[in-house]
Each structure stands twice: as C-alpha cells, then as structure tokens.
Amino acid sequence: MKRFLLLLLFGTTMAIAQTTWTGAGANTNWNNTDNWDTNLVPTASDDVIIPSGFIVTLNVAGIIKSIDVQGNSIFNINTNLTFTDPSSFGVNAIVNWNSGALQGNGNMTNNGTINLLTASAKIINGTTVLVNEGVINFQSTGFLYLYGDSTLNNALSGVI
C-alpha cells in the first residue's frame, strides 16, 4: 500500500509544470525558447510566471494552464491567450492589449493596468471572467467584446 501511495504522489508532483520567464533570449518574444527557464515555450499544462521587471511580447497564440504577471512587468498581448485556471495581472503590471482574445475557463484578475490599444479586444469562451481590481484604459476607439458566458466584473477598487 505504501508503495502505491508513493507512486501516486510522485506522479502527481511530476504532472505539475511551472515555467518562468528569464528574459535570457535576444528579444522579448513569447516563442523564443531562450527566454524560458525550461528552454521550452509554455504549453497547456504549464503555470506561467513572469517575474517583476520584464517585458514580454505574446507574438504567437499562447495556450497555457495559468499566468501570473508580477510586479512592474509589461505584457504585450498581440494574439490570443488561452488559459484554463485562475490567472492574474499583478499590482503595477502593465498589459498592452494590442490584438487577440483572452479565452478559457478560468478567471483573470487584473490588479494592474490594462491598456486596450485595439479596435476589438475579445473575452471569449465558457465562463471566462475578467475581474478588474486595477485600471482598464480604452486608448483606442474600439470595443471590448464579451462572448458566450464571459463577463467583466469591475470591483469596487476597479477603474475603467
């Protein structure tokens, strides 16, 4: 019995994947493997961490488990980002949403600043909820579209 439990615990630990941005590559592009501590672009099974002080450009569609953009990092969204677990943009983080959609089944909590720089930002799929506890700036003449059961929840501390 002990051997079975040990294997079960070991298998569970191995299934949890965390990928952290190092910024060691020649550019700020998401698809540059040199920028990740695993030397692999994050996948659907990865919890992604972008530590404070980095600039990251989502230049290819990202499909991940979750994302945590920390501190004073800048995250440039140029295409679709799909996540399945709760995620967050931290206090003092800046998100420049240039194009694409946020999609998935997890909540995205914004504690920083989201700059909508596109004519048509989209939150799509299932039960995605954008919880704004920070600031959302509309810096273009565009719209934020909510599809399906998606919602935008502007908390008491949130400013749009």
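In this predicted model, a polar contact links a side chain to the backbone: a polar atom of the side chain of Ser 73 lies 3.2 Å from the backbone nitrogen of Phe 54. Ser 73 belongs to the loop between E5 and strand E6, the latter spanning residues 74-77. With a relative accessibility of 0%, Ser 73 counts as buried, since the cut-off for that class is a relative accessible area under 20%.

Strand E5, which precedes this loop, is part of an open sheet of 7 strands, arranged in the order E1-E2-E5-E8-E11-E14-E17 and paired in the parallel sense. The edges of the sheet are formed by strand E1 (17-20) and strand E17 (151-154); each of these has a single partner strand, and therefore one side of each is left without a neighbour in the sheet. From one strand to the next, the twist averages 20°. In general, the strands of a sheet pair through backbone hydrogen bonds, in either a parallel or an antiparallel manner.

The pairings can be followed from the E1 edge. Strands E1 and E2 run parallel and are paired over 4 bridges, with Thr 19 standing opposite Val 48 in E2. On the next step, strand E2 (residues 46-50) pairs with strand E5 (residues 66-69), again in the parallel sense and over 4 bridges, and here Ile 50 has Val 69 of E5 as its bridge partner. Val 69 also stands opposite Phe 89 in E8, within the parallel pairing that joins E5 to strand E8 (residues 87-89) over 2 bridges. Towards the other edge, strand E14 (residues 129-132) is joined to E17 by 4 bridges, the two strands running parallel; in this pair Leu 130 stands opposite Leu 152 of E17.

The surroundings of strand E2 were examined residue by residue. Of its 5 residues, 5 are buried, so that E2 is largely enclosed by the rest of the structure. In a regular strand, side chains alternate between the two faces of the sheet. For E2, both faces are covered, with Asp 46, Val 48 and Ile 50 buried on one side and Asp 47 and Ile 49 buried on the other. Val 48 and Ile 50, which share a side, also take part in the pairings with the flanking strands, Val 48 opposite Thr 19 and Ile 50 with Val 69 as its partner.

A search of the whole structure for salt bridges finds 1. In this salt bridge the side chains of Asp 85 and Lys 65 meet at 3.9 Å, N to O. Asp 85 is placed in the loop between strand E7 (81-83) and E8, while Lys 65 is placed in the loop between strand E4 (62-64) and E5, so the pair ties together parts that are 20 residues apart in sequence. Asp 85 is partly exposed, at a relative accessible area of 27%, and Lys 65 likewise counts as partly exposed, at 25% relative accessibility.

On the surface, Phe 143, Tyr 145 and Tyr 147 form a nonpolar patch whose accessible area together is about 310 Å². Tyr 147 is situated in the loop between strand E16 (143-146) and E17, and a relative accessible area of 38% makes this residue partly exposed. Thr 141 occupies the loop between strand E15 (135-138) and E16 and counts as exposed, at 78% relative accessibility. Although Thr 141 and Leu 116 are separated by 25 residues in sequence, the distance between them in space is 9.6 Å, C-alpha to C-alpha.

Two asparagines have backbone angles that call for comment. Most residues other than glycine have a negative phi. For Asn 39, however, phi is positive, near 60°; this residue lies in the loop between E1 and E2 and, at 49% relative accessibility, counts as partly exposed. A positive phi is also found for Asn 92, where the value is near 75°. Asn 92 is located in the loop between E8 and strand E9 (94-97), and a relative accessible area of 56% places it among exposed residues, for which the cut-off is over 50%.

Methods
Residues numbered from 1 in each chain as written. Predicted model: local features only at pLDDT ≥ 70, side-chain atom pairs only at ≥ 80, totals over all residues. Heavy atoms only, no water. Pairing = 2+ DSSP bridges. Axes fitted to C-alpha atoms, helices over the stretch in contact; angles between N-to-C directions. Patch = residues over 30% accessible without salt bridge, like charges linked within 9 Å, V, L, I, M, F, W, Y side chains within 5 Å. Areas by Shrake-Rupley, 256 points an atom, 1.4 Å probe, with all protein chains shown as cover. Salt bridge = Lys/Arg side-chain N within 4 Å of Asp/Glu carboxyl O. Buried < 20%, exposed > 50% of the residue type's maximum accessible area, 1.4 Å probe, protein only. Polar contact = N/O pair within 3.5 Å; in protein donor to acceptor, adjacent residues only side chain to side chain.
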